[in-house]
Structure formats: structure tokens, C-alpha cells
Amino acid sequence: MKALKERILRDGKCFEGGILKVDNFINHQMDPILMKSMAVEFVRRFASTKINKVLTIEASGIAPAIMVGYLLELPVVFAKKKKPSTMENMLTTTVYSFTKDRNYDVCVSSDYLCPGDKVLFIDDFLANGNAAKGIIDLVNKAGAELVGMGFLIEKSFQHGGEQLRSMGVHVESLAIIESLDNCKIVLKEM
């Protein structure tokens, strides 16, 4: 994804502690043209995979997941970070947020994540893999099958991708950050 890599290098901002800020084109202000291009790339990379549902986690994963769902003409479900009082048949798991440095409950209704579903998870970042592992737990609790995980940006130095791949998960990342040492963005050549 040359366009994404160029945008990260041009507009991404690095902060101490391994934080990459891309809020001017991915997760606060969004570039819909780039978002569509990234979704097209996910569709290409998962083309041989049987999928009937796209799953994400709020909030930053919703935009890319909607684009993928639109292109695949599939429903998109997003796991919520707050338990709504109106949700029925709730499945929950606990996830640790690296950027917010806290645990939070994530939930989804088993009315929308069902036994037999073939689920593609889409999210903005893969760092330590905590959100992804929480999603795996929810998919398992639902009796569904995780067929793949797609991330806009993977921070390989935090090893979440390595852990997921060692678990046998089909992981596709559109841009991989090898290092943010000294607040310098170093991308993996692919």
C-alpha cells in the first residue's frame, strides 16, 4: 500500500512510548479516498476467503470496516466498548488498551455474531494484539469462525502480529512500522 505508507511518512506524528498519531487521515479526520483504496486492497488480499460478516471494534475500526463491507456487500458488526442497557444476548470480553492504558469491556450481541458466521476482522492498528485477542474470544464465544484479520497499520516492534500469526490467524497489514525509536517512523519494505 504505497499510498498509505507515503501518507504515514508525510502526515503521521510520532510520540514517546511508541505512539503513532494518524488522526488527520485515519481516525479523527478521515480521507475517504485513501480509506476506499485500503478497503480495495483488503478485498484483494482476502479474495479467496469465504466471508459472510465483517467485524470491527469501535471507534477507529468502523470506517475501514464499513468500506470493506460495502465492497463485499456484507453486513458490518462493531463490538461496543460500553455495554448498552438495550443489548440482548450479550457476549463480552475484557481488552487492555495500550494507548489509553486501561482495561475495558467489549461486547457484541449474539443476534449479530452467530454460530457458523465466517468473520473478517478489520481494525486501524495492530500493536500488542490485545483488541484482536479480545475479538478472537468474542468470535469463539459466538460459535463463529475467524477467517482473517486486516489492519491498516501494524507496529511489528510490539509483536501482536507475530503472536496472532503464531496462533494460525491469517493476518494482513497494509503498512508495517518496524520502529518509532527516537520518534523516527521506520516502515518495513514489502
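This is a short tour of a predicted model, going from its sheet to the helices beside it and then to a pocket.

**The sheet**

Begin by selecting the strands of the open sheet. There are 6 of them, in the order β4-β3-β7-β8-β9-β10, and their pairing is mixed. Now colour β4 (76–79) and β10 (186–187), which stand at the edges. Each has a single partner strand, so one side of each is left without a neighbour in the sheet. Strands of a sheet pair through backbone hydrogen bonds, either parallel or antiparallel.

**From β7 to β8**

Select residues 118–126 for β7 and residues 145–155 for β8. These two strands run parallel and are joined by 8 bridges. To find a point of reference on this pair, show Asp-123, which stands opposite Phe-151 in β8.

**From β8 to β9**

Keep β8 on screen and add β9, residues 171–179. The two run parallel, with 6 bridges joining them. Here Met-149 stands opposite Val-171 in β9. Add helix α5 (residues 160–166) as well: β8, this helix and β9 make a right-handed β-α-β unit.

Is β9 enclosed or open to the outside? Of its 9 residues, 8 are buried, so β9 is largely enclosed by the rest of the structure.

**The hairpin at β10**

Next, follow the chain from β9 into β10. These strands pair in the antiparallel sense over 2 bridges, and Ser-179 stands opposite Val-186 in β10. Together β9 and β10 form a hairpin with 6 residues between them. Select Asn-182 in the turn; its phi is positive, at about 55°.

**Two helices on the sheet**

Select residues 2–11, helix α1, which packs on the sheet and touches β8, β9 and β10. The direction of helix α1 makes about 30° with that of β9.

Then select residues 62–72, helix α3. This helix lies across β3 (53–57), β4, β7 and β8, and runs at about 175° to β3.

**The second largest pocket**

The last stop is the second largest pocket, with a volume of about 160 Å³. To see its lining, select Val-76, Val-77, Phe-78, Lys-80, Thr-86, Met-87, Glu-88, Val-108, Ser-109, Asp-111 and Tyr-112. Which elements give two or more residues to this lining? They are β4 and β6 (102–109). The most comes from β4, with 3 residues. Strand β4 has thus appeared on this tour both at an edge of the sheet and in the lining of this pocket.

Terms used
Residues numbered from 1 in each chain as written. Predicted model: local features only at pLDDT ≥ 70, side-chain atom pairs only at ≥ 80, totals over all residues. Heavy atoms only, no water. Pairing = 2+ DSSP bridges. Helix = DSSP H or I, 4+ residues; strand = E, 2+ residues; numbered from the N terminus. Contact = heavy atoms within 4.5 Å. Axes fitted to C-alpha atoms, helices over the stretch in contact; angles between N-to-C directions. Buried < 20%, exposed > 50% of the residue type's maximum accessible area, 1.4 Å probe, protein only. Right-handed = clockwise from strand over helix to strand, strands pointing away. 1 Å grid on protein atoms, 1.4 Å probe; cavity = no way out; pocket = protein on both sides within 12 Å on 5 of 7 lines; lining within 4 Å. Points joined across faces, edges and corners; volume = space filled by probe spheres on them.
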